[in-house]
Amino acid sequence: MAGVQRGPRERMVFSAAQLIRRDGVSATGMRDVAVHANAPRGSLQHYFPGGKEQLVGEAVTWAGRYAGKRVARFMADLAEPAPSALFAAMVRQWTDEYETADGLGGCPVAAATVDCASSEATREAAAAAFMCWRAPVAEALTELGVPAERAEPLATLMISSLEGAIIMARAEGDVRPLRTVARELGPLLDAAVLPDRPTTGRGEA
């Protein structure tokens with residue numbers, strides 16, 4: 001996302017997503033977002049009259065759309081057109097971050113789901129965000145030869161496995177759970193491909 005020019009509103013939504021994935025919703029204050037976004041504090045009320053709940057909802061929505069758009073990029077860069085290779089690319093995004101940054105951030109959608117379970121608006125935003133992510137993954141699996149009736153269930157499996165591995169990797173301070181889930185889930189994903197669309201994907205991240 002480097003080099004993208006954003007206005008103050010877009011910067012605050014982006015900053016909220018980054019702070020939520022690092023610190024969680026409860027520990028992310030509106031002032032923290034304004035400072036991180038280099039935006040005037042008074043602009044928070046102007047752009048987000050619904051307060052923190054609105055800002056969190058929009059940050060979660062942004063995160064879901066971003067994750068969904070990344071799927072097309074992963075598909076375009078695949079050396080091997082296989083479901084396991086797609087999943088490995090999804091995992092690699094996180095292992096690369098861990099290895100180049102001071103630590104691994106979490107997923108803002110998952111963080112908001114856990115921290116704001118009592119907020120119906122945030123729950124709905126998180127559910128929609130996961131759908132924005134799941135739908136492109138399912139479509140990609142279909143393109144890779146997975147039957148349409150299995151594409152969405154497997155997309156759900158991929159995303160939920162990745163989310164769980166991210167949490168474990170953060171807890172353990174190691175990318176091993178991420179590499180493990182890519183390796184172990186890859187063969188299952190490739191086995192779902194129709195017989196007339198053989199693939200030889202790699203599960204390693």
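## Close-up views of a predicted helical model

**View 1. Helix H8 and the helices packed over it.** The cover over the buried residues of H8 includes H5, H6, H7 and H9. This view, like the others, comes from a predicted model. The buried positions of H8 are Ala151, Leu154, Ala155, Met158, Ile159, Ser161, Leu162, Glu163, Ala165, Ile166 and Ala169. Do take a look at the ends of the helix too: with 25 residues at 1.5 Å each, H8 should span 36 Å, and its end C-alpha atoms are indeed 36 Å apart, so the two values agree. Just after H8 comes Gly173, with a positive phi near 65 degrees.

**View 2. Helix H9 and its bend at Leu185.** H9 bends by about 35 degrees at Leu185, and Pro187 is a proline that follows within four residues. From first C-alpha to last, the 16 residues of H9 reach 24 Å, close to the 22 Å expected at 1.5 Å a residue. Leu185 itself is buried, and so are Pro177, Leu178, Val181, Ala182, Gly186, Leu189 and Asp190. H5 and H8 are among the elements that cover the buried residues of H9.

**View 3. The largest nonpolar core, seen around Met90.** This core holds 64 residues, and Leu86, Phe87 and Met90 have the most contacts inside it. At least two core residues come from each of these helices: H1 (8-23), H2 (30-37), H4 (51-77), H5 (83-100), H6 (108-115), H7 (120-143), H8 (148-172) and H9 (176-191). As a friendly reminder, nonpolar side chains in soluble globular proteins tend to be buried together. Setting aside residues up to four places away in sequence, Met90 touches Phe74, Trp133, Val137, Met158, Ile159 and Leu162. Of these partners, Met158, Ile159 and Leu162 may be recognised from View 1, where they appear among the buried residues of H8.

**View 4. An aromatic cluster made by Phe14, Trp62 and Tyr66.** These three residues form one cluster, and the count of aromatic pairs comes to two. Phe14 and Trp62 meet edge-to-face, with 5.4 Å between centres and 90 degrees between planes. This pair links distant parts of the chain, since Phe14 sits in helix H1 and Trp62 in helix H4, 48 residues apart. Phe14 counts as buried because its relative accessibility is 18%, whereas the cut-off for buried is under 20%. Trp62, at 22%, is partly exposed. Trp62 also pairs with Tyr66, this time stacked: 5.2 Å centre to centre and 5 degrees between the planes. Trp62 and Tyr66 share helix H4, where they are four residues apart, about one turn of the helix. Tyr66, with a relative accessibility of 25%, counts as partly exposed.

**View 5. Met12 and its surroundings.** Met12 lies in helix H1, and its relative accessible area of 0% makes it buried. Beyond its neighbours within four places in sequence, Met12 is in contact with Val33, Ala37, Ala39, Ser43, Leu44, Tyr47, Phe48 and Leu55. For another point of reference, Met12 and Met30 are 18 residues apart in sequence, with 9.3 Å between their C-alpha atoms.

**View 6. The stretch annotated as a domain.** An unreviewed UniProt entry lists residues 16-58 as "domain: HTH tetR-type". In the model, residues 16-58 are 67% helix and 0% strand. The C-alpha atoms at the two ends of this stretch are 9 Å apart.

Terms used:
Residues numbered from 1 in each chain as written. Predicted model: local features only at pLDDT ≥ 70, side-chain atom pairs only at ≥ 80, totals over all residues. Heavy atoms only, no water. Core = buried A, V, L, I, M, F, W, Y, C linked by side-chain atoms within 4.5 Å. Buried < 20%, exposed > 50% of the residue type's maximum accessible area, 1.4 Å probe, protein only. Contact = heavy atoms within 4.5 Å. Phe/Tyr/Trp six-rings, centres within 6.5 Å; stacked < 30°, edge-to-face > 60°. UniProt positions renumbered as here; feature names shortened; annotations may be inferred. Expected span 1.5 Å × (residues − 1). Bend = angle between axes of the 7 residues up to and from the residue.
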